[in-house]
2 protein chains.
Amino acid sequence: MTESVVRARLVFAYDGTDFAGWAAQPALRTVQGELEGALEQVTRVPSLRVTVAGRTDAGVHARGQQAHVDLPVGAWERMPGRSDRSPADGLLTRLNGVLPQDIRIFAVTEAPDGFDARFAATERRYIYRVTDTIPDPLNHRYVLAHDRSLDVGLLNAASGMVTGLRDFAAFCRGREGATTIRTLHEFSWARADSGVIEATVRADAFCHSMVRSLVGALLVVGDGRRDVAWLQEVAASSSRSQAIWVAPPYGLTLEEVGYPPDTELSARAEVTRARRVL
Amino acid sequence: MTESVVRARLVFAYDGTDFAGWAAQPALRTVQGELEGALEQVTRVPSLRVTVAGRTDAGVHARGQQAHVDLPVGAWERMPGRSDRSPADGLLTRLNGVLPQDIRIFAVTEAPDGFDARFAATERRYIYRVTDTIPDPLNHRYVLAHDRSLDVGLLNAASGMVTGLRDFAAFCRGREGATTIRTLHEFSWARADSGVIEATVRADAFCHSMVRSLVGALLVVGDGRRDVAWLQEVAASSSRSQAIWVAPPYGLTLEEVGYPPDTELSARAEVTRARRVL
């Protein structure tokens, strides 16, 4: 016997500093653990499972993270606290009422048909933040302090060499047998007014530690310790390169997840699932 | 017998979250305690005393804080690590090498004649940050979440009523007998692109908890719970008003300290000292 469910779509953010990453782990404080606990508390449904767009590592932040959760219709319809609110608004308010301050839900909606936070996503956009001057201590949880000067022009020229459809094996901490072919839509650097340098990285999907490995490889080129020929050589490696430094997690923020128009959601999710199985 | 000293001027910043305020206290982690400890460690001079421009409360942040410390000439001249560096540059690098990440020194210079970080200052500029929408958890240590909508136009109109040369007794947590007359140069509100509302507060000096009391009094006007007549009434009180809510410390950042031209430093310090004694 199955009760029919409503799929809720969540847009949310977190400061990753005090979390052991997204994925729930026994006895550790994780974003998934906190979020599922809050959902179970406010809906009074046991054992809910949240599916997220981007499984972030320990210490990585998110500003435009997305997820879905399937709720029994009865629980969904109990959500409005006042008669003039929708179930989605009620769930939003209640979740923020019980979640810790380092997680905030920005939006709850009833998901369109075919929506799957993970498989329907077409793009993840990350920003890695680094400073080559004395760091502002009010940003020290979010910005890497790099102790050599960085040349933004050089960073952009070198980053252009690793964009597009490629095998990113050199930058992937491997799971045996999984494909490491990805399409890197953008890898660009810009210095903000504050002096902080922001690396924008956009791709259809990322393998494990890929963004931080790309950033780590580029920083040693941008500060002059390695040259572009070195980057081309390590990028061509068919397996994880030991020469590549993985930049620390706290500079990294998942800023946005992209989805196709609602009418194309189901088709997109099918394509993604098929590719992951291959 | 006295050894001649060099007065070093420090410009620095800190995230106040994990400090019990500026002022050194036994067994508590304070900014003064950390800074004096770092200075003693790198100069090998015992019992140094730092004088700060703005003594911030527990939880209050600073981005453009200033201070001075008097160092024996011998210790100052030992500071360059390499011959091509000045003592000031050497001290800057060494301090940042031993200080925790939530304090950073931005500049060290040999202070001009007559410089006194506290008494020569002509202005302190603070910003209080508050949001009336769902707060970004990546800013939750620096921005107050206010659960009612705020009218920025109304906030500015009401703030204009408490600027200028006035007795701020209603907004001062008292020290018996100390003057509560101050000149409030600016108290203005603006909504940033991020949606965060920033209150800029500039004055020659502030009494204890004055900025947070001003902000607390204005927020209940800006969200419609109190009217302008109420503000005028409480502002006219000749002693600390119990009707005024003190906004929490974490929204507050000391952004900048102003000093007169170098030639006027001594005169300014004398005027300030004389006024405090009265």
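# Two chains and their contact

Reader: How many residues does the contact take from chain A and from chain B?
Author: The contact takes 18 residues from chain A and 18 residues from chain B, where two residues are in contact if their C-beta atoms, placed from the backbone, lie within 7 Å. This is a predicted model, in which local features need pLDDT of at least 70 and side-chain atom pairs count only at pLDDT 80 or more, while totals for chains, interfaces and linings use all residues. Residues are numbered from 1 along each chain as its sequence is written, and chains are lettered from A and ligands numbered from 1 in the order in which they are written.

Reader: Which elements give two or more residues to the side of chain A that touches chain B?
Author: They are β1 (5-14), β3 (61-72) and β4 (103-110) of chain A; strands (E, at least two residues) and helices (H or I, at least four) are DSSP runs, numbered from the N terminus. The largest share of that side, three residues, comes from β4(A).

Reader: And what rotation superposes chain A on chain B?
Author: A rotation of 180° does so, with 0.0 Å of shift along its axis and an RMSD of 0.0 Å, the fit being by least squares on the C-alpha atoms of residues with pLDDT of at least 70 in both copies. That is the relation of a two-fold axis. The same surface serves both copies, since 100% of the contact residues of chain A recur in chain B.

Reader: Which residue of chain A comes closest to the rotation axis?
Author: That is A:Asn139, whose C-alpha lies 4.6 Å from the axis.

Reader: Switching to chain B, where is B:Val11, and what does it touch?
Author: B:Val11 sits in strand β1 (residues 5-14) of chain B, and, not counting residues up to four places away in sequence, it touches B:Gly64, B:Gln66, B:Phe106 and B:Ala107. The C-alpha atoms of B:Val11 and B:Ala111 are separated by 11 Å, although these residues are 100 apart along the chain.

Reader: Why is B:Val11 called partly exposed?
Author: B:Val11 has 19 other C-beta atoms within 10 Å, and a residue is buried if 20 or more lie within 10 Å of its own C-beta, exposed if 12 or fewer, and partly exposed in between, with C-beta atoms placed from the backbone. As for chain A, buried residues make up 39% of its 278 residues.

Reader: What does the secondary structure of chain A come to?
Author: Chain A has seven helices and ten strands. The axes of helix α1 (residues 31-43) and helix α3 (residues 87-98) of chain A come within 9 Å and cross at roughly 120°; axes are lines fitted to C-alpha atoms, for helices over the stretch in contact, and angles run from 0 to 180 degrees between N-to-C directions.

Reader: Why are α1(A) and α3(A) described as oblique?
Author: Their crossing is roughly 120°, and angles under 35 degrees count as roughly parallel, over 145 as roughly antiparallel, 65 to 115 as roughly perpendicular and the rest as oblique; α1(A) and α3(A) are therefore oblique to each other.

Reader: Which residues meet there?
Author: A:Ala38, A:Gln41 and A:Val42 in α1(A) meet A:Leu91, A:Arg94, A:Leu95 and A:Val98 in α3(A).
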